[in-house]
Amino acid sequence: MVEEQLIPRGIQDKRVLQTFLKVERHRFVPAEAREKAYGDYPLPIGEKQTISQPYMVALMTECLQLRGTERILEIGTGSGYQSAILAELAKEVYTIERHALLAEPAHRLLREMGYKNISFKVGDGTLGWPEQAPFDRIIITAATAEVPDPLSKQLTDDGLIVAPIGELFSQTLTVFHKDHGQLRGESFTSCVFVPLIGKFGLQH
Ligand code: SAM
């Protein structure tokens, strides 16, 4: 996966590549899909949701420019794979999932794997996690027309948000930098994510 998918497509951050070698992706996919765990595509994880394609997880992670000191908010825990990658590369991860049926097994697995720097919440991630704000980085792993207002407010100045911005079935991976209270976005690549569903999401 690292040699055939991530490096040839331009993922360069050595810490990111090392982490993809370390975190066992097959532990995060349902038993019946385990032999496809390292394939170059997203996989279903139940509740009509997906674990994202490895390259997309790597690109979003690289875009966050992590050095190990950051507090990150993740919207969309899903399988917990992206949370594990982030927990390896940053100081603290706060992750929110709206489906309790996905959140619970992900929490259990990440605890079993020994991650102590991940905090979990079940609920509407478009509202953020005001009690734990501010965050240095925010990653939204579901499609949204724009960055939900509560999330931009919960980002530190000079912080980054990575999100798929667009409409249902067609988005652009976008990185926002907060500068003097204003978000400025830079577009990366086209992508397709499941919708962000919530008060400030693509669908309410
Ligand atoms: N990061 C995940 C992983 O590594 O498996 C993949 C996430 S999946 C592409 C998107 C997730 O976002 C789904 O699990 C979905 O239920 C969740 N989601 C959608 N809207 C949400 C919201 N408002 N708050 C929290 N989670 C949400």
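**Exercise 1. Locate the ligand and describe its surroundings.**

Solution.
Step 1. Start with the site: the ligand occupies the largest pocket. Keep in mind that this is a predicted model.

Step 2. Find the elements around the ligand. Those that give two or more residues to the shell are β2 (49-51), β3 (71-75), α4 (81-89) and β4 (92-97). The largest share comes from β2, with three residues.

Step 3. Look at the residues themselves. There are 27 around the ligand, and S79, Q82, E97, G125 and I197 come nearest.

Step 4. Sort the shell by residue type. It holds ten nonpolar, 13 polar and four charged residues.

**Exercise 2. List polar contacts of the ligand, then judge how far the protein covers the ligand.**

Solution.
Step 1. Recall the cut-off: a polar contact is a pair of N or O atoms within 3.5 Å.

Step 2. Take E97. A polar atom of its side chain lies 2.6 Å from a ligand oxygen.

Step 3. Take G76. Here a polar backbone atom is 3.1 Å from a nitrogen atom of the ligand.

Step 4. Take T141. An N or O atom in its side chain is 3.5 Å from a nitrogen atom of the ligand.

Step 5. Turn to the surface. Taken alone, the ligand exposes 600 Å². The protein buries 99% of that area.

**Exercise 3. Decide whether α4 is mostly covered or mostly open.**

Solution.
Step 1. Use the cut-off: buried means under 20% relative accessible area.

Step 2. Go through the helix. The buried residues of α4 are Y81, Q82, S83, A84, I85, L86, A87 and L89.

Step 3. Conclude. Eight of the nine residues of α4 are buried, which leaves the helix mostly covered.

Step 4. Link back to the ligand. Q82, a buried residue of α4, is also among the residues that come nearest to the ligand.

**Exercise 4. Examine the backbone at P134, K48 and D158.**

Solution.
Step 1. Place P134: it is in the loop between β5 (118-122) and β6 (135-140). The peptide bond that runs from A133 to P134 is cis, with omega near 5°.

Step 2. Place K48: it belongs to the loop between β1 (43-46) and β2. K48 is not a glycine, yet its phi is positive, at about 60°.

Step 3. Place D158: it is in strand β7 (residues 155-167). D158 is not a glycine either, and its phi is positive at about 75°.

Step 4. Are K48 and D158 buried or exposed? Exposed means over 50% relative accessible area. K48 has 78% relative accessibility, so it counts as exposed. D158 has 54%, so it counts as exposed too.

Methods: Residues numbered from 1 in each chain as written. Predicted model: local features only at pLDDT ≥ 70, side-chain atom pairs only at ≥ 80, totals over all residues. Heavy atoms only, no water. Near = heavy atom within 4 Å. Polar contact = N/O pair within 3.5 Å; in protein donor to acceptor, adjacent residues only side chain to side chain. Areas by Shrake-Rupley, 256 points an atom, 1.4 Å probe, with all protein chains shown as cover. 1 Å grid on protein atoms, 1.4 Å probe; cavity = no way out; pocket = protein on both sides within 12 Å on 5 of 7 lines; lining within 4 Å. Sits in = over half its atoms within 2 Å of the grid points. Helix = DSSP H or I, 4+ residues; strand = E, 2+ residues; numbered from the N terminus. Nonpolar A, V, L, I, M, F, W, Y, C, P; charged D, E, K, R; others polar. Buried < 20%, exposed > 50% of the residue type's maximum accessible area, 1.4 Å probe, protein only.
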